[in-house]
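Colleague: Before I use any of the labels attached to this chain, I would like to go through the reasoning behind them. Could you take me through it, one label at a time?

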Amino acid sequence: VYDAEGNDVTEAHTALADEAKAHAAANQKSYLDDLSTKITRLFEDASEITAIETPLFNTVVSAVSFKSGGADYYGFCSRSVGYSQMDVYFILDANGAIAKIDAKAFFFDEEYFHVDDTVNLPDYKNGFVGQTEVGDNAMIAGATMTSNAVKQATADAFETFKTVKGGAQ
């Protein structure tokens, strides 16, 4: 709980904080099922899918760890805004490099923004593989709304990975 000047006043308003937490818990949609479903589609042998608490306030709404092919991976679902809500899924290896990326939709209002005709989507997604920080490929000329969403989602996935993997709170 913060006052109008931005001071943390949670201790002075514990009842309000508790009420807000209870309301959020009762009304917040869980994105763990969506992320788990995406992982099982991307990795046929995915196992030991385990939810991870995401202690940061950013666009990452769910996180999991899992195993595939004997290796450890981390999955993140980010819901950034790219004209409308954009669900972007990141799979990072144990070192924090992108192993796979996918989205429900990379481009919005394709009838008005014809960038989808100029971007080879499989090549675009594969361009993220191996990255450990936000790269230039997060920006797509002509798709500003989408680009900003992908760039923010990518940055937040890396930030969340570093926090979860490092155990920082």
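Modeller: Starting from the N terminus, the order of elements along the chain is α-α-β-β-β-β-β-α-α, which amounts to 4 helices and 5 strands. Please keep in mind that this is a predicted model.

Colleague: What makes Ser 78 count as buried?

Modeller: Buried requires a relative accessible area under 20%, and Ser 78 has 0%, so Ser 78 counts as buried. This residue lies in strand E3, which covers residues 71–82, and beyond its neighbours within four places in sequence Ser 78 is in contact with Thr 59, Val 60, Met 86, Asp 87, Val 88, Phe 90 and Ala 153.

Colleague: How do you know that the side chains of Ser 78 and Thr 59 make a polar contact?

Modeller: The cut-off for a pair of N or O atoms is 3.5 Å, and the contact between the side chains of Ser 78 and Thr 59 is at 2.6 Å, so the pair is within the cut-off and the term applies.

Colleague: Why is Lys 38 called buried?

Modeller: The relative accessibility of Lys 38 is 14%, so Lys 38 counts as buried, given that the limit is under 20%. Lys 38 is found in helix H2, residues 32–42, and, not counting residues up to four places away in sequence, Lys 38 touches Tyr 89 and Asp 102.

Colleague: How do you know that strands E4 and E5 pair?

Modeller: Pairing asks for at least two bridges, and E4 (residues 84–93) and E5 (residues 98–103) have 5 bridges in the antiparallel sense, so the two strands satisfy the criterion. Leu 92, for instance, has Ile 98 in E5 as its bridge partner. The hairpin of E4 and E5 has 4 residues between the strands, and there Gly 96 takes a positive phi near 90°.

Colleague: Which residues touch the most other members of the largest nonpolar core, and which elements supply it?

Modeller: That core has 26 residues, of which Phe 76, Phe 90 and Phe 106 touch the most other members. Strand E2 (60–68), E3, E4, E5 and helix H4 (144–166) each supply at least two residues of the core, and the largest share, 7 residues, comes from H4. There is also a second, separate core of 11 residues, with Phe 43, Phe 66, Tyr 73 and Ile 91 among them. As a general background, nonpolar side chains in soluble globular proteins tend to be buried together.

Colleague: How much of the chain counts as buried?

Modeller: Of its 169 residues, 37% count as buried, while the chain exposes about 9800 Å², 49% of which is supplied by carbon and sulfur atoms.

Note on methods: Residues are numbered from 1 along each chain as its sequence is written. This is a predicted model: local features need pLDDT of at least 70, side-chain atom pairs count only at pLDDT 80 or more; totals for chains, interfaces and linings use all residues. Side-chain values use heavy atoms; hydrogens and water are left out. Buried means under 20% relative accessible area, exposed over 50%, partly exposed in between (1.4 Å probe, protein chains only). A polar contact is a pair of N or O atoms within 3.5 Å; within protein, one must be able to donate a hydrogen and the other to accept it, and residues adjacent in sequence count only if both atoms are side-chain atoms. Contact means heavy atoms within 4.5 Å. Accessible areas come from the Shrake-Rupley method with a 1.4 Å probe; for residues, only the protein chains shown count as cover. A nonpolar core is a set of buried Ala, Val, Leu, Ile, Met, Phe, Trp, Tyr and Cys residues joined through side-chain atoms within 4.5 Å.
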